[in-house]
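User: Hi! I'd like to go through this structure with you, one question at a time. Can you show it to me?

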Amino acid sequence: MNPELSCTDASGKAAEFGALKDGYMFECSTGLSRMLLSSPTCPVLEALGKKLSFEIAVGLNGRVWVNSNSPSIVIIVANAIMNSESLSGVQQKIMAEKLLQKIQND
Amino acid sequence: MDGRLANRWRLTVNEKKFIETALASNLRIDGRNPLEYRKIIIKFGREDGSSEVQLGQTHVMGFVTGQLVQPYQDRQNEGMLLIFTEFSPMAGPSFDPGHPGESAVELGRIVDRGLRDSRAVDTESLCVLSGKLVWAIRIDLHIVDNGGNLIDAANIAALAALLTFRRPECTLGGDDGQEVIVHPPEEREPLPLIVHHLPVAITFAFLGSEGKLVVDPTHSEEAVMAGRLIATVNANGDICAIQKAGGEGVPQSAIMHCLQLASMCAISITKKINSAVEAYSTERALRKIKRHPTVAGNVSVAGSDVKEQNKTVEQVGGSELSRHHIERLKVVSEETCSSRSNDNDGDIKSSEQGGTSRGESKAMNFLGGPSNWYGASTFQYFF
């Protein structure tokens, strides 16, 4: 059997959906993925987005895909998201900022 | 597991490609550099010979027990060392509770070879009655969580448990000197095993088509690696065992490089194990001090405190003097206990020290009034 996949939105159009190339996909809990998708941007993504430029796709099944120009940024973003599993909003912001500071000092 | 819901033994193409791309810039997905070890935490349980080791997300527990058995026919003067591994299903979904898989058997063999072939544990000292009774030391390794690199963590757990294990003392008695009397720990202080050196296992994973080297692989790195080499070395630089089972071919220069890296890693890991064991032994010896409610202040190990109590005791009077003698004895025997545990190189002098401290430790176990006099009268010639 050769499966074929096509990505379309509800009306059948392509609408920027498509195969994810490069980047890094990792798993997190479904609760965390819901928080990452929440409407006022989640604190960890906001703190990271202020300093780094990256592309992110989050699935409700708990899979997150991150892509950026350099692998180091991808690793920082992935680790920051994985660490924010059990943290509150304020704690996430502090954790992300500490991580960014550590990278900048190196 | 890592916060992940699926412990997949084979990762997606995307993850594999990213791990290799990141490694090209000397980065690993958890932020380490390729030759860096994860944080090692060594903890001990209440009982002698139980250890718990955490290497990042990997979690292993080790238990050492001893039993008197008949020796093998061809090794009548030597004790036995047996290693059993248990891969708990809670460590990962690929582990079955019943029969051990290939990786479980490999882990047991590597730990066993490192200890047995390098003669790290002195088996001749385990002989009680030649040809009839010897000590069989059993090491049980329980894998609690698989975050990658189980072999190194299990090896550290085995070493930590062996160093803190204490076996009961046996003497020969009876009419013909053939009867073995096993002394309970309350009667005679149990003895540590004689461990000559610590063989530490270091795992190297080869990733990607060029065979890039990483030390201490995590679970995802293990899932995408092309080959693996485990080198068991000790802090002196001796190679105790090397294991390379299948996988990509590796040039000889890479193997030599691995061995050099392994001896450097082994030195730092040996230091961590030794300091953890020392901290445990001091705490264990402190637990054995019985505190007298009548003497002002607590008995402590530091010499200066004992001198202070000397002054207060002399003021109190003659009847207290006997208890003061016993306190001094406790401090002396406790110092010999902690110095004894430092003798990891297994000199003969450790057993001699054991002899003298055993006599003094008899005084330690006295609880009440009349026996104080016995202690004082026996040791009065000291003062």
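**Where the model is unsure**

Analyst: Residues 1-6 of chain B have a pLDDT (the predictor's confidence in each residue, from 0 to 100) under 50. For that stretch, the model has 16 contacts beyond four places in sequence, where contact means heavy atoms within 4.5 Å. This is a predicted model, in which local features need pLDDT of at least 70, side-chain atom pairs count only at pLDDT 80 or more, and totals for chains, interfaces and linings use all residues. Residues are numbered from 1 along each chain as its sequence is written, chains are lettered from A and ligands numbered from 1 in the order in which they are written, and side-chain values use heavy atoms, with hydrogens and water left out.

User: What is the mean pLDDT of chain B?

Analyst: Another stretch of chain B, residues 297-383, also has pLDDT below 50, yet the model gives it 92 contacts beyond near neighbours in sequence. Over the chain, 73% of the residues of chain B reach 70 or more. The mean pLDDT of chain B is 78.

User: Which element of chain A has the highest mean pLDDT?

Analyst: Chain A averages 87, with 99% of its residues scoring at least 70. Its elements are DSSP runs numbered from the N terminus: helices (H or I, at least four residues) and strands (E, at least two). The lowest mean, 85, belongs to helix 4 (residues 89-105) of chain A, and the highest, 93, to strand 3 (residues 63-67) of chain A.

User: What pattern does chain A follow along the sequence?

Analyst: There are 4 helices and 3 strands to place in chain A. Its C-alpha atoms fill a box of roughly 50 × 25 × 25 Å along the principal axes. Reading along the sequence, you get β-α-α-β-β-α-α.

User: How far apart are the end C-alpha atoms of residues 23-71 of chain A?

Analyst: UniProt, in an unreviewed entry, puts "domain: K Homology" on those residues of chain A; its positions are given in the numbering used here, feature names are shortened, and annotations may be inferred rather than shown by experiment. Residues 23-71 of chain A are 35% helix and 27% strand. Their end C-alpha atoms are apart by 8 Å.

User: How much area do chain B and chain A bury between them?

Analyst: Start with who touches whom: 18 residues of chain B are in contact with 14 residues of chain A. Buried area is the accessible area (1.4 Å probe) that two parts lose on being put together, summed over both. Carbon and sulfur atoms carry 57% of it here, and the total is about 1,400 Å².

User: Which residues form the salt bridge between chain B and chain A?

Analyst: A salt bridge needs a side-chain nitrogen of Lys or Arg within 4 Å of a carboxyl oxygen of Asp or Glu. The whole structure has 19 of them over all chains, and the count between chain B and chain A is 1. The N to O distance in that pair is 3.8 Å, and the side chains that meet are Lys17(B) and Asp22(A).
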